[in-house]
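Reader: Could you walk me through a few local details of this structure? I would like the reasoning along with each answer.

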Amino acid sequence: MCRVLILDDDAYGAEEVKMTLELNSNAKADVCVNLKDAIALVTTASDSGKPYEIFLIDLILGPGKDGIEAMKILRRASPDSDAIIFTGFGDMESGLRAYHAGAFRYLSKPFDNQELLYLVEALKEWRKIQREHSWQKIFGGMMEAALKQKSFHAVAKVVVNHSLKLGFERAHLFWVPTREEVNTGNLFGEACAGKDSIPNFSGSLFPDWYGMERVRKSRNAIFINKDGLNERGQGSKGSGSKNFSPQGETAVLPLWRGEILIGILLLDYGRSDKILSEHERTLLNLFARQVSVVMDHASIYASEKWALKEADIIRNIVHDVTTQAAVASLPKLLEEVRNQIGQLMDVSNFAVALLDEEINELTFCLLCEQGKPKEGVRRPASQGLESFLLKQQGGLFLKNGDVKEFVEKNHIRVQGRMPAGWLGVPLRVGGATIGVLTLQRFAGDKDFSERDRQLLVSVADQLAAAIHISHLAEVEREDARRMQNLQRASVDMLWLARENESHLWDVVLTLATANFGLGFNRALLLTTNDNQRFLYGETGIGSDSRSDSERDWKRDEKRHYDFDAYLSDLQANKIIPTPFARRASKIKIELDGCPEVMRQVIKNGAREIISESDVHTKLPRDINRHFSFSTCAVLPVRAGKNTLGLLIVDNKHNRKNLDEKSLDRLQTLLDSAGLVRETLTQSRNSVSVLEANYDIMGEAGNQSLKDTLDHICKTARAISESDWAVIFPILPGGTERYKLDLNTIGHDGALKSPVRSIKSNPRIGGITQHVLEKGELIVSDIDGGGSMISRLNLTNSHFIRSEGVKALIGVLVRDPYSEEPLGILYLDYRRPREFSELEVRHAKSFASLAAVAISKVRHLDEIGQRKRLRVTLITTEIMGKELGLDEILAKVLQKMQGLFKHTELCVLLYDGDDHALKFAPATLKFYHIKNPEFKNRQIFPLGQPERGSIACKVAEKTLRTRKVEHINIPDVLSDRDYLPLNPKTRSELCISLMGSTGDLLGVLALERSASVFGKDDIDLIKTVARQLGLAIERAQHTERLRFLSTVSAMTAWSSDIAHDMNNEVGKIRGLTYLIREFSSENPKICDYAAQIDESARLLSSVGPWSVQTGHRIPLDDSIKQCIKRLANQRGIQVIPQFEASGVYIHANPMELQRILKHLVRNADKAMSRLPEKKIKLSTHPLRDGRVEILFGDYGSGVDETVRADIFRRATSTKESGGYGLLLIRQLIEAMGGTIKLLPSDETDLGAVFSIRIPTANMPTPTE
Amino acid sequence: MPGTARLLPPIRVLIIDNDKQSVSIFEELASHWGYTPVIAEGEGIHLLADAKVKAREHRCQLALVDMRLVDDSDESDISGLDLIAQIKPASSIVVSGYGSAQVAVQSIHEKGAVDFVGKEEDPLSIKAKLQKEALKISAKERRLKISPTNVLDMIAATLFEPALPAEYHDQIADVFAQLFPEAHRLRLEKMNNILATDEVSTAPRPRSVVLKVYEDDLQPVIVKLARRHKVEKEVSRFLEYIDRRLVGNFIPVLGKHVELWDIGGIKLSYVGNIEQTFARFFQAQSVDKIQACLEKFFTYTWSAHYKKIKKKSNISLFDLYCDVWGEDWYERAQNFQSPDPEKAMGKNLWGRIRAADPVEWLIKNTGKDKKSDVSRVGTAYLAVTHGDLHADNLLVDDSQNAWVIDFERTGMGHALQDFIEIEFDIISRVACANENFPSFYRLCVAIAGSSRTGEIITDDPQLADAETQKILKTISIIRLLAEQCTHIEDSRQYLFGLFFNSIFRATIINAETHKRSQQRTLMLASILCHRLEHWDEPWPPDEWRDLP
């Protein structure tokens, strides 16, 4: 229901509007006939919270009472209301005033009822949108503000405060902390806002809230009216409910998190009995969702914070040991532990030792004897009391005096001083003992207590875990660091190897052995030659001397030697070879004579571990002679399927296990190195293939791609002994699907079916697809069966069947740089054939040859593109700097001359009026006609049947098609259109120059005496032509501008004259007026004054300053009227030929006279030396609704050099002036006409001007 | 013929042209057509300067301006066009030999000319254009009837400098003509006391005239006439602080404003029927009605401004009042010669209460030295205040709604200022006129006695005088409203404001004609400064108790 107030002093009309609205629109209207009542009604309505939505106000509310003012007043009382003003018929001004004063629309009376209803509906809709916008804005503001808050309560506060902005009087946000509370109906007050909201709301419990049941069932907001609320409110026990009795509607917005009700937002209008509209309800549902989101977000935030707090407490409880285990260094940690224990007992003899199982040694992380710490102590684990501790599970607790007996009994050898008492606890993690914690007492010391033992046991538990964590963390850190290095190395290796191949292996071995790498003690690399018959010692790192090695490690550790430092040393050649490196080169082993293990590694590409005992038998004798390995790993150096060599590593010096993880890492490293190595080899091979096939490639530059590919196929077939060789290039650019370039397929060999059959099926079939995916396809015998043959359905392939192919090799032609597929090479055999490794390699090398050929062509394409780009850049640059056509053409042509060697260029401009091409003036600097026959030829008219020149043909074609056209004549002599301007020319290319709107602007012509224009040339020239077209177009605009500015300068000058003249005219008229006013009794004086006034008026209305416009005048008569007088004055004879009788033009006769006057004066000057001066003046109507005036003299004509410019710039052969023709052009153009100078070779006269003016003839009256 | 229009002198047309002959022709034409030509003389920039001087000197209404006044051949010379703004409010018609539409458009739209005419045009077209414009701006040309004419004379006597020749008094009628461009008849009804003959008045020379104006048959509007710069200032203050910043319906709406040479006018429209000024309302109505009216004004109409109160600590109230009033009130105070108090109080009262000379106290304790300025009491509250809320600037309509006018001093000020102003205005108008001296004394003691802004003891049994009781009750209402609106509790701020107002008033009163009023004001000031100086002591001092 929409509330409408109608304010109109015409009660009857108002009632009618009310009826219309109430019957047809969902509206309730009140009528007022005066403003006072209206204000009262509106104020009451507004105060009660149910303001009128729409005011309909009549513009006139009685004499002098303005409806718009009334509207302003009413809207001030009820700012949310909108108004429509009824205005009188056609009173748009009031309507606009109403609109500017804030009315939604106005409606002119009388109006159709439907019109009114439409407008009201439109306004309702508009209000709805406005409301939505404003609410959405508040919603957004709420979200934004809420997400900035940190505390749950603050968010709740934001929510309720924003709720009030929606127009509600009060907002209460209840919170349901748990599911149980949902079920019991308990609600907690969280936040509230608004006047008269429930006191002490926040934190209060509201049990058994009456609306809970309904809310729990509804995901959408529910709306309870006053009655509903009171009815339910009776039974409510809620403590705050008695304060909660809104008069209007209450919106209950349930807040859900997934399936759980987390809260309720209660919105109401307090004491006003406002009802929500359907639209507002919909919007509130949206609001509920958004509130849910922010509240949910806030509650999660709150619970997370709680958990953090808990964790803090836990952390405080847990001993420092555990917290620091992963981060602090172990000795420091242990020292800390010792200090802690020290608070309870004597810890002057305290030790923690860790067991190194491999070498069965105890390393003392902390050893404190008589209060003094000792560092770096290691003892065999099999000695001392500790050994006993390690063997048995529990601790050992020997009281003072017990040690001696125990030692003797168990045959334990105690190192150092014999303690009196001894307390030892094993450090255990999981089931394993990782070390021991011991405490000693010497004679005289205080004895241990049982409590001490218990304490130590629990400390040991803590410590064991801590040490374990510390270890793991250490390992983790170490590992991460190594991984980082390895990963980096894989990347760096390639460029290192490119620079110096031997560096590749140095890096690999260093990473295998260095502290910062994998930390193997020693490494030896052997590589095979191509045929895998021999293993050669490549290089190695390490030494047989343990002390040397340890010294090196220590030194590296001390100076924090890392990978970067190593790399820079390597670059600087500062690496000193180890004994292994020096000795490695001595190794050369024949594989056949090798022990089985080595051959297995090479063959299978899988590593082997050779235990120390087997080293003698399983490593080749040659190696054993130079190196003495302990337990070692033999790893293959792989590159794809090939094995390039072997790497032997051991840990002879520190006796560390060759653990799987490190070996895996090493293998990865070797694999990358192998790949790097292979890549290098490959590229070296392709280089050699290129060299070997230099002749093929040498020709490639001079022949087409197809010829080159044919050539490759021929060579390939010859070498591979295949029956048929074919290379299908792939068209560039296809990313999702490949397309074959059918025009450049290269092939060789005789086919039974015609060659074109290979082109007939361009679809990329199964075989091709296979090659594209896998890189190759080798089939030895099509009939031999096999999964691949049946999968690819080879036997049914049309080509294979028809040609009887029995064996084939397909190789992918791949771009050597980008890896992009460029094509496919097939070698087909009509007999089954087993392919040797070498044959496959050959095929591949031909493929790479083809790759080079194809990519080279593509590369050339690219160069062409670049060249084009450059040309574009240059021309653009020139265009940017210059405005004048001549300058642009001169500069562009000059640049083009540089780009196109041995080429003559010229630009011809199209003259639409003459329908001819003319040399662009600037062109003549670059282009000279050498044939004397055409020496002075400037104009090339279009439409000539023969010998109209090639440029004209292009121009004609362009005029027909309105597209850029070009004609390329490789041999001009064979072309009948060719106009031999220069005898040397052999080939010619002409291309049309077009403006942006598709108009022909001219032609660019290029001539060559030696070579012809290729496709690349044409593309390039097209680019130039496009640029030139734009340049010319722009230059022409510029010329026009220049003309206009010249004219305007002149006009400005003339306006000065005008000013002075008008000034005087003004005075004359003022004075004559006064004379007439003061001498009204004397008619004669009045008459004189009137005549003076008339002259003055005339004076100011002639001349260029005059604003007087023209009118219809008969052309011939007007000319005749003045020309005789003008000619007579100068003694010129006029030869008239007036054929435009009855033609009218629209002009100011003074101006027409002025034009003729100027032309006569010009002619007079041109004929000053002639004894007899004549001019020819003719008029004739044209078919296009214009009339042409031809004005010719018999003088010497206009000089070619200024011809083009006479109407553009101030040009004159005379000493002064030169603006005359410009002014004439201006006058004629103002009449809508044109003026131009006719070409000199068209007439027998001197200068001939053609003026064309639109006629202004009335339609013939029919009576 | 009825009405005054015919008696007015002809319209003055300023003629500015660098061509002497043109000037003399225009002069001749203008006087022929019944105007008074005024000629700008000199050449080049001197001509421009003289034009400005002459325009003002003769209060020209119209001007014929040549476009190029310095150099006729200089295209960039549009000195004539630039002059248009400088000779306003004269309406300029541009006359030029450059008869182009472009110049015409530029003159009118960019430079503010009212019309354009080509020099070569028929003189009759100049005549037509002059006439058209004259009709717009001049009451005389329009034959606008304004009655009663004695009000016009009163306005002239109020607003114009006595030295201004009477012929330029036509500006008053012209202001009305321009404020009511379509009116045929105007009836004026004065609202405030212009040239009041009563002993009470707001100031020795009222600065403005407020009228109720009936235009033809339309609803009346309020028109305020004042000196030109005051109108300018008021309009800008209105737009800054009043327009759309007051609450509710009972707020003035600026309809139109006009600024002429000496004076200007503002038209304010309102809803309902404004009957009287608050001064008259106060005298006629009961305390209840007064309370309702003031409550509506402070807690509703003006309330938006109090909601945006700014707190500033350690600020001198003295400085604050100087900011609003300007420095001259303090200068006046410094030069003030206190009249002999003994004579004023009679019965040696002055001596008995041992009150200080308030003006000296003001100088010594606030103005003299910033460091010893005692008017820094607590946190000062700043708000947008009316600045001059005396009982003539509040108008009351038939439904007891208060309407406020005169916004010349509206702006940031002491939040309590308007309450103090209206309270003080009541005291000085009514109480100071009361012949009952003991009543006045008791009133002073009572209003100085409160320690909390909103609390004032009104039930003094010795105050038998009904008028003073009404005043005291009204004051207590004002004080309550003040605290309620501003939340300032410490009454010292209020009393300081009252004190400053007393001094301001005492130093402005004509000592010859309003002697008693001046002395009573000084006495109030004296009591106030005694109270402020002995703040923590019991009030009133014991020795004052048995005073009359």
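Some questions and answers on this model follow.

Author: Happy to help! This is a predicted model, where local features need pLDDT of at least 70, side-chain atom pairs count only at pLDDT 80 or more, and totals for chains, interfaces and linings use all residues. Residues are numbered from 1 along each chain as its sequence is written, while chains are lettered from A and ligands numbered from 1 in the order in which they are written.

Reader: What span should helix 17 of chain A have at 1.5 Å a residue?

Author: Helices here are DSSP runs of H or I with at least four residues, strands are E runs of at least two, and both are numbered from the N terminus. The expected span is 1.5 Å times one less than the number of residues. Helix 17 has 13 residues, 546–558, and its end C-alpha atoms lie 18 Å apart, in agreement with the expected 18 Å.

Reader: Is A:Arg655 buried or partly exposed?

Author: A residue is buried if 20 or more other C-beta atoms, placed from the backbone, lie within 10 Å of its own, exposed if 12 or fewer, and partly exposed in between. A:Arg655 sits in the loop between strand 24 (642–650) and helix 23 (660–692) of chain A. Because A:Arg655 has 16 C-beta neighbours inside 10 Å, it counts as partly exposed.

Reader: Which residue does a cis peptide bond join to B:Trp539?

Author: Look in the segment after helix 22 (515–533) of chain B, where the partner is placed. Omega of this bond is about -10°, and the partner is B:Pro540.
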